[in-house]
Every structure is written in structure tokens, then in C-alpha cells.
Amino acid sequence: MTSNLHPQERVDELQRNGYQIIQNPQKFCFGMDAVLLSGFAKVKSKERMLDLGTGTGIIPILLEAKTQGQHFTGLEIQEESADMARRSVQLNHLEEKIEIVTGDIKEASVIFGRSHFEVVTVNPPYMIGDHGLKNPELPKAIARHEILCSLEDVLREASAVLKPGGRFYMVHRPFRLAEIFTRMVHYKLEPKRMRLVYPYADKEPNMVLIEGLQGGRPRLTVEKPLIIFKEPDIYTDEIIEVYGY
């Protein structure tokens with residue numbers, strides 16, 4: 001299957017079930033945020049899951065390895081990334097469990113229909129407009145900045161495609177928490193669980209993991225902090241477990 005690699009592409013090990021993923025470092029490679037989201041999200045037996053903006057398919061592949069979910073779908077607007085994701089699915093012989101669909105997040109409820117999934121995940125662009133330095137290469141810029149979709153688009157469509165009582169999982173940046181919670185409540189994705197991620201125990205958090213419940217009642221649980229490094233270049237035991245090393 002590695003003969004299907006295109007120029008500049010490589011195959012990386014995922015440390016789960018012997019799975020691998022095809023990536024192009026010249027375009028965009030998955031980061032720790034995607035791996036942490038795959039450890040935070042829960043997909044139960046017989047549940048169907050949708051990953052919005054799946055990129056090269058890292059989250060559906062990891063969740064297939066980590067959970068008992070029935071089926072996993074990735075939606076990706078960039079055909080080059082979607083093609084890499086499909087080839088990774090084939091590389092791991094997961095065609096019966098994972099489907100990659102090319103399409104726009106803003107049209108997810110049209111593509112799949114309303115109330116179709118029990119679980120939705122998303123690792124969305126974090127930056128609005130001029131927040132942060134825009135990458136001159138479009139694939140990376142699209143992944144990091146709200147160029148093709150906004151937080152509003154993500155939450156609206158996630159709520160629409162979720163069944164009543166369905167669960168929504170997102171990784172984002174803490175500086176947007178007030179906006180995130182306000183818009184989640186507006187779209188009836190009641191925040192139920194939150195975990196802040198810290199690079200070191202004595203530093204400020206730089207990521208936040210959030211679970212919402214479609215149509216849920218107000219009650220938020222704040223979980224213990226997740227610390228990445230116990231000292232420079234040495235992961236904490238929990239991060240090692242999440243990665244499966």
C-alpha cells in the first residue's frame with residue numbers, strides 16, 4: 001500500500017493496533033491536540049461518529065482503535081487531505097469502519113441529514129482573522145485560521161447532525177472559552193465536561209477539551225488538569241498513555 005504515496009508524503013506509525021497514517025509535512029501534519037481529543041472523546045458500542053474537518057483522518061482512525069464505536073465518518077473540504085485520509089483508511093484495512101467524505105462543514109446537515117450521529121468531534125481552526133500569524137501555505141492556514149468556516153458554523157452544524165442526547169467533543173484554545181460556551185448554549189450543545197491542558201504544571205493552559213450534550217441540562221464538570229511535560233522533552237505518564245507508547 002505504501003506504493004500509493006505521492007511526492008513529499010510519508011507514512012507515520014500511530015502506536016495503536018499497528019495503524020499508520022499518510023501525511024505530507026509540506027502541507028499539514030496532525031498535532032498533539034488531535035491525539036488528546038481522541039483520548040477525551042467517547043464513542044460507545046453501536047454509535048456512529050462524525051469528525052468535522054477531519055484533515056488526513058487522524059481522529060476517526062484513532063477513535064476506531066480506542067473505542068467500540070460502530071462506524072466513523074470524516075468530513076473534509078480539501079480534496080488533497082481527504083484523498084490522503086482515504087488512502088490511510090485503505091492502508092489500515094478499515095474501509096468497512098471508516099468513511100471519508102469530501103464536503104464543507106457549513107453543509108454537514110445537508111450532506112448527512114439532521115439527527116444522524118450519536119457523536120461529533122472537531123479540532124477546528126483556533127484563530128479568528130488576524131489572531132496569530134497566517135501561514136502563507138493555504139492548507140496550513142485553513143487548518144489554523146477561520147478561513148473556510150467559523151466557530152459558529154461548527155457548532156450550528158454539529159448540533160444539527162447530532163441526535164437528541166448526542167455528544168459533542170472539541171479541542172480549542174482557552175482564550176475563546178467565553179465565546180465557546182455562549183455559542184454552545186445557543187445551539188443547545190450544553191457544556192457538560194471540560195479539561196484544561198497545560199504544557200507544564202506551572203504554566204498557563206494552552207488547550208481546552210470540551211464535551212457538550214445535545215439538549216442537555218446545565219451542569220458542567222471541570223476535570224483535573226492535564227499536564228503535558230513533567231520536564232523538558234519528557235512527557236507525563238498520562239500523555240504517554242494517551243499516545244500508547
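Buried means under 20% relative accessible area. Helix H6 shows the term at work: its buried residues are Leu151, Asp153, Val154, Leu155, Glu157, Ala158, Ser159, Ala160 and Val161. That is nine of the 11 residues of H6, which spans residues 151-161, so the helix is largely enclosed by the rest of the structure. The model described here is predicted.

**Overall build**

The protein has 245 residues, and 51% of them count as buried. Its secondary structure comes to eight helices and 13 strands. Contacts reach far along the chain. Among those between residues at least 6 apart in sequence, 70% join residues at least 24 apart. The exposed surface is about 11,600 Å². Carbon and sulfur atoms supply 50% of that surface.

**Strand E4 and the loop after it**

Strand E4 covers residues 71-76, and a loop links E4 to helix H3 (79-91). Thr73 lies in E4. Thr73 counts as buried because its relative accessibility is 4%, under the 20% limit. What does Thr73 touch, leaving aside residues up to four places away in sequence? Its partners are Met49, Leu50, Asp51, Pro60, Glu99, Val101, Phe112 and Phe117.

Gln78 sits in the loop between E4 and H3. At 17% relative accessibility, Gln78 counts as buried. Gln78 is 24 residues from Thr54 in sequence. In space, the C-alpha atoms of Gln78 and Thr54 are 9.7 Å apart.

**Salt bridges**

Side chains of opposite charge can pair when their charged atoms come close. The structure holds 17 salt bridges. Three of them are set out here, with the distance between the closest N and O atoms.

| Pair | Closest N and O atoms | Accessibility |
|---|---|---|
| Glu79 and Arg86 | 3.1 Å | Glu79 42%, Arg86 27% |
| Lys106 and Asp104 | 3.1 Å | Lys106 33%, Asp104 16% |
| Lys230 and Asp237 | 3.8 Å | Lys230 and Asp237 both exposed |

How do these pairs sit with respect to the surface? Glu79 is partly exposed at 42% relative accessibility. Its partner Arg86 is partly exposed too, at 27%. The second pair is mixed. Lys106, at 33%, counts as partly exposed, whereas Asp104, at 16%, counts as buried. In the third pair, both Lys230 and Asp237 are exposed.

Salt bridges also link up. Glu9, Asp83 and Arg87 are joined in a network of them.

**The second largest pocket**

How much space lies in the second largest pocket? The volume is about 200 Å³. The pocket is lined by 13 residues. Nearest its centre lie Gly39, Phe40, Arg195, Glu238 and Val242. Three elements each give two or more residues to this lining: helix H1 (32-40), strand E8 (189-198) and helix H8 (237-243).

Which classes of residue make up the lining? Seven residues are charged, five are nonpolar and one is polar.

**In brief**

This predicted model combines eight helices with 13 strands. Helix H6 is largely enclosed, because nine of its 11 residues are buried. In strand E4, Thr73 is buried at 4% relative accessibility. The salt bridges include Lys230 with Asp237, whose closest N and O atoms are 3.8 Å apart. Helix H1, strand E8 and helix H8 each supply two or more residues to the lining of the second largest pocket.

Note on methods: Residues numbered from 1 in each chain as written. Predicted model: local features only at pLDDT ≥ 70, side-chain atom pairs only at ≥ 80, totals over all residues. Heavy atoms only, no water. 1 Å grid on protein atoms, 1.4 Å probe; cavity = no way out; pocket = protein on both sides within 12 Å on 5 of 7 lines; lining within 4 Å. Points joined across faces, edges and corners; volume = space filled by probe spheres on them. Helix = DSSP H or I, 4+ residues; strand = E, 2+ residues; numbered from the N terminus. Nonpolar A, V, L, I, M, F, W, Y, C, P; charged D, E, K, R; others polar. Buried < 20%, exposed > 50% of the residue type's maximum accessible area, 1.4 Å probe, protein only. Contact = heavy atoms within 4.5 Å. Areas by Shrake-Rupley, 256 points an atom, 1.4 Å probe, with all protein chains shown as cover. Salt bridge = Lys/Arg side-chain N within 4 Å of Asp/Glu carboxyl O.
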